Amino acid sequence: MKNVARILVVAVLATGLSVCYATRHGQKTTIGTLAGAASGAALGAHIGHGDGKLVAVGAGTLIGALIGHNIGRSLDRADQRAIRDTTYDSLEYIPDHESREWRNPNSGHHGRVTPRQTYQNSRGYDCREFEQSIYVDGRHETVVGTACRGRDGTWRIIG
C-alpha cells in the first residue's frame, strides 16, 4: 500500500503542476483534492483486476483525494512553480543520477529531482525515470515517476 501511496503522490504532484494558477487556499485545496481523486481513480483502474477493480478504483480515489488535499493545502504558488521548473530542467538538462534542488525561502519548503534512467519507449519516445523528494512542514516524501517527451518536445509525466 505504501508504494501505491507514493505513486499517487507522483500523480498528484504532476497534476498539481498544471494548476499553478490557484492562488487562494481554498482553490489550492479543492484543485489538489480533485486532481488527487482523479489520479487515484486512474491508478486504481490500472492496478485493479476482475471483481477487485471497483474496490481498487474506490480506494485509489479516496487515497488520492486525501493526499491531493494535503499537498494542495501545503504548497503555495511559489512551491508549485519551483517544483515544476526544477522537474522540467532536470528532465531536459541533467544527466542521469545527478540532482537539481529547489527551495522556497518564504515557506521553507524544498526538494530535489534526480533523473535515474533515460530510455526510449516502444513508441520511440524519449523517456526518463526520475526521483522527486519534497520536504513540506517537516514531512518528507520521496517518489519515483516516469516522464516522456511528446511530439511537441515537452515532457509529460506518465507515471
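## Strand pairing

Strands β2 (residues 110-120) and β3 (residues 126-136) pair in the antiparallel sense, with ten bridges between them. This description rests on a predicted model. Within the pairing, glutamine 117 has glutamate 129 of β3 as its bridge partner. The two strands form a hairpin with five residues between them. In that turn, glycine 124 has a positive phi of about 90°.

Strand β3 is also joined to strand β4 (residues 139-149) by ten bridges, and these two strands run antiparallel. Here phenylalanine 130 is matched with glycine 145 of β4 as its bridge partner. The hairpin of β3 and β4 has two residues between the strands, and aspartate 137 takes a positive phi near 50°.

## The disulfide

A search of the whole structure finds one disulfide. It is formed by cysteine 127 and cysteine 148, whose sulfur atoms are 2.0 Å apart. Because the torsion about the S-S bond of these cysteines is about 100°, the disulfide is right-handed. Cysteine 127 lies in strand β3 and cysteine 148 in strand β4, so the pair ties together parts that are 21 residues apart in sequence. The disulfide thus involves two strands that are also joined by ten bridges.

Are the two cysteines buried or exposed? Cysteine 127 counts as buried because its relative accessibility is 0%. Cysteine 148 has a relative accessible area of 9% and is therefore buried as well; the cut-off for this class is under 20%.

## Nonpolar cores

In soluble globular proteins, nonpolar side chains tend to be buried together. The largest nonpolar core in this model has six residues, namely Leu75, Ala82, Ile83, Trp102, Ile134 and Val136. Helix α4 and strand β3 are the elements that give two or more residues to this core. A second core, separate from the largest one, has five residues, among them Leu91, Phe130, Ala147 and Trp155. Phe130 of this second core is the residue whose bridge partner in β4 is glycine 145.

## Glutamine 80 in helix α4

Helix α4 spans residues 77-93 and contains glutamine 80. Glutamine 80 counts as buried because its relative accessibility is 9%.

Which distance separates glutamine 80 from asparagine 104 in space? From C-alpha to C-alpha, the two residues are 9.8 Å apart, while in sequence they are 24 residues apart.

Conventions:
Residues are numbered from 1 along each chain as its sequence is written. This is a predicted model: local features need pLDDT of at least 70, side-chain atom pairs count only at pLDDT 80 or more; totals for chains, interfaces and linings use all residues. Side-chain values use heavy atoms; hydrogens and water are left out. Two strands pair if DSSP finds at least two bridges between them. Helices (H or I, at least four residues) and strands (E, at least two) are DSSP runs, numbered from the N terminus. Buried means under 20% relative accessible area, exposed over 50%, partly exposed in between (1.4 Å probe, protein chains only). A nonpolar core is a set of buried Ala, Val, Leu, Ile, Met, Phe, Trp, Tyr and Cys residues joined through side-chain atoms within 4.5 Å. A disulfide is a pair of cysteine sulfur atoms within 2.5 Å.
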